[in-house]
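Q: Please take a close look at a single part of this model. I am new to it, so keep the sentences short.

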Amino acid sequence: MTVIAIKDGVIAADSASTVADRTTHYSAKIFPVKAEHGGGYVAASGAWALGQAAAKRYAEAGETPTEKTDQFNLHLLRPDGTTARCEDGCWFDVDAPFMAGGSGADFAAGAMAAGASAVEAVRLACVRMAFCGGPILTFSVVSHLAEAAE
């Protein structure tokens, strides 16, 4: 299971990977997008093998998933702090103060609506969601945003 949260130029995700009723290992769910493909960070939620492969292809080659499936979603934090989501091979901008994805999305979104940061939201979702957990991976575009404001 997965929980991803994006707020205020920060993207955070848990690292638990599960099979059936058990956590099998911990792995990265956020991948840096190469600058030549727009930069930022992309994360995957849903069917792990499909989502991870699609996120890595996007991060490395800028390739938008062509799969027409409801098995996974990609979540993008751009260098300018804006966000987007990819479902069924289609990207759309998310014009909201925060974004959450994965099985822990409801807990994370509620936490961020109540004032939690992206990292705090993932941590809180991990407390409540079975099979979410492990080390929390975090990336930020805040320094990029500060440089752009100068």
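A: Strands (E, at least two residues) and helices (H or I, at least four) are DSSP runs, numbered from the N terminus. Two strands pair if DSSP finds at least two bridges between them. This is a predicted model, where local features need pLDDT of at least 70, side-chain atom pairs count only at pLDDT 80 or more, and totals for chains, interfaces and linings use all residues. Residues are numbered from 1 along each chain as its sequence is written, and side-chain values use heavy atoms, with hydrogens and water left out.

The part chosen here is strand E8, residues 83-87. Of its 5 residues, 4 are buried (under 20% relative accessible area; exposed is over 50%, partly exposed in between; 1.4 Å probe, protein chains only).

Take the E9 side. E8 and E9 form a hairpin with 2 residues between them. Asp 88 sits in that turn and has a positive phi of about 50°. E9 covers residues 90-94 and runs antiparallel to E8, joined by 5 bridges. Ala 84 has Asp 93 in E9 as its bridge partner.

Now the E7 side. E7 spans residues 72-77 and pairs with E8 in the antiparallel sense over 4 bridges. Cys 86 in E8 is the bridge partner of Leu 74. This hairpin has 5 residues between its strands, and Gly 81 in the turn has a positive phi of about 90°.

Step back to the sheet. It is open, has 5 strands and follows the order E5-E6-E7-E8-E9, with antiparallel pairing. E5 (30-32) and E9 are the edge strands, each pairing on one side only.
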